[in-house]
Amino acid sequence: MHRYAGEPLRESCRIALISSDALGNFVVATPLLAMIKARYPASRVTYFSGVRVAELACASSLVDKFVPLSLHKMKGAALKPVDEFDLVINLESTEWAQDLTTKLSKATSSVVGPCRGLAINEDAQGVLSQDPDWTEADLAHRHPILETGFISEIFARLAYFTGPVPRYVISQETPNLEIPDVLISMSASRTDKLWPTESWAEVLGAMQRRGFSVGLLGADPKAQGQYWHGVHTEDAVIARGLVEDLRGKLTLPEVTGALAKCRLALTLDNGILHLAASTQTPIVGLFRPRFHRLWAPPVTTLQVISPDDGLPVEAIPGTAVLEAVNRVL
């Protein structure tokens with residue numbers, strides 16, 4: 001195996017893409033997948049990730065084969081025989097992803113991303129890949145191959161794709177239910193992304209008094225605590241009658257379809273935000289300081305709300321969120 005440096009691949013190339021088991025990570029990878037398919041229409045792309053993204057990956061026109069990785073496989077168990085790949089793209093720095101990259105790479109394979117025992121290219125892409133902080137405000141200035149500091153563009157440039165980075169590409173299905181005016185998402189993969197119960201109650205109460213219906217999106221409550229934080233806040237606003245509980249009632253393509261039909265999406269920095277950004281629906285998104293530079297989709301429909309540097313998300317006042325909501329509603 002060797003480092004890829006942008007050399008042309010055969011028209012019917014086979015490409016492996018490795019990403020973490022997170023909805024947002026799949027969504028932000030779709031611009032790269034779209035660029036692959038645009039350059040190599042006859043390519044066959046195999047997507048390696050966890051079961052949480054299976055519905056999105058299997059429904060995607062950009063993915064030819066999805067290989068679900070259970071947690072024990074992610075941590076190094078042997079894989080069944082897979083295709084031989086011309087190019088292996090690893091979007092993760094974790095040990096399991098680097099191990100998998102090595103296992104999928106044959107002698108003739110080209111590799112993009114972290115891989116054990118493979119030196120980094122001494123070029124602009126190599127320098128970018130080794131930058132210790134992609135959330136710095138001057139990232140694009142320091143790396144001229146970038147136009148923005150957005151994660152999807154970074155992935156594309158590290159894989160040696162040039163030109164405009166397309167929008168997210170996500171399959172949609174309209175759910176068979178009445179879609180509320182506002183759809184919200186209150187859970188996240190990290191506790192430092194969460195917003196306090198009383199702040200949510202303040203904003204939701206104001207919307208309720210104005211006559212707007214609100215639906216809560218998320219995983220089935222029985223599975224919620226396995227991967228996400230915030231279930232107690234969700235249960236609290238449900239108990240107060242401030243939202244309709246839609247958790248676990250929709251497939252992920254149906255979630256995207258519902259987001260496309262509602263008037264507003266109000267969400268933390270999580271997978272739901274990125275699904276909403278694949279639609280034309282206005283979004284109010286709550287981000288940790290600095291991280292919006294890397295993870296906020298560069299779409300005109302998104303209003304980013306973030307506290308000052310050094311302050312947590314919980315410091316965002318309800319009044320600031322209400323002002324953003326009122327600009328839409």
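This text leads through a predicted model, from a sheet of strands to one helix and then to several individual loop residues. Because the model is predicted, local features need a pLDDT of at least 70 and side-chain atom pairs count only at pLDDT 80 or more, while totals for chains, interfaces and linings use all residues. Residues are numbered from 1 along each chain as its sequence is written, and side-chain values use heavy atoms, with hydrogens and water left out.

A parallel open sheet is formed by 6 strands in the order β1-β6-β5-β2-β3-β4; helices (H or I, at least four residues) and strands (E, at least two) are DSSP runs numbered from the N terminus, and two strands pair if DSSP finds at least two bridges between them. At the edges stand β1 (2-3) and β4 (65-68), each with a single partner strand, so that one side of each has no neighbour in the sheet. Within the sheet, strand β2 (residues 14-18) runs parallel to strand β3 (residues 44-49) and is joined to it by 5 bridges, with Ala16 standing opposite Thr46 in β3.

Helices also pack on this sheet. Helix α4 (residues 95-104) touches β2, β3, β5 and β6 (110-112), and its direction makes about 165° with that of β2; contact here means heavy atoms within 4.5 Å, and axes are lines fitted to C-alpha atoms, for helices over the stretch in contact, with angles from 0 to 180 degrees between N-to-C directions. Helix α1 (residues 23-39) lies across β2, β3 and β5 (87-90), running at about 165° to β3.

Further along the chain, helix α10 (residues 231-239) has Val231, Thr233, Glu234 and Val237 as its buried residues, where buried means under 20% relative accessible area, exposed over 50% and partly exposed in between (1.4 Å probe, protein chains only). Seen down the axis of α10, these buried residues fall within an arc of 160°, so they line one face of the helix; the arc is that of the directions from the helix axis to the C-beta atoms. An α-helix has 3.6 residues a turn, so residues three or four places apart point the same way. The buried residues of α10 pack against α8 (197-209), β8 (214-216) and α9 (221-227), whereas the face turned away from the buried side carries the exposed residues His232 and Ala239. After α10 comes Gly241, whose phi is positive, near 75°.

One of the buried residues of α10, Glu234, makes a side-chain polar contact of 3.0 Å with Arg247; a polar contact is a pair of N or O atoms within 3.5 Å, where within protein one must be able to donate a hydrogen and the other to accept it, and residues adjacent in sequence count only if both atoms are side-chain atoms. Arg247 is found in the loop between β9 (244-245) and α11 (252-261) and is buried, with a relative accessible area of 7%. A polar contact of 2.8 Å also joins the side chains of Arg247 and Asp245.

Another loop, between α12 (271-277) and β11 (283-286), holds Ser278, which is buried at a relative accessible area of 14%. The side chain of Ser278 reaches the backbone oxygen of Leu275 at 2.6 Å.

Finally, Tyr160, in the loop between α7 (151-158) and β7 (182-185), has a positive phi near 70° although this residue is not a glycine, and Tyr160 counts as buried at 14% relative accessibility.
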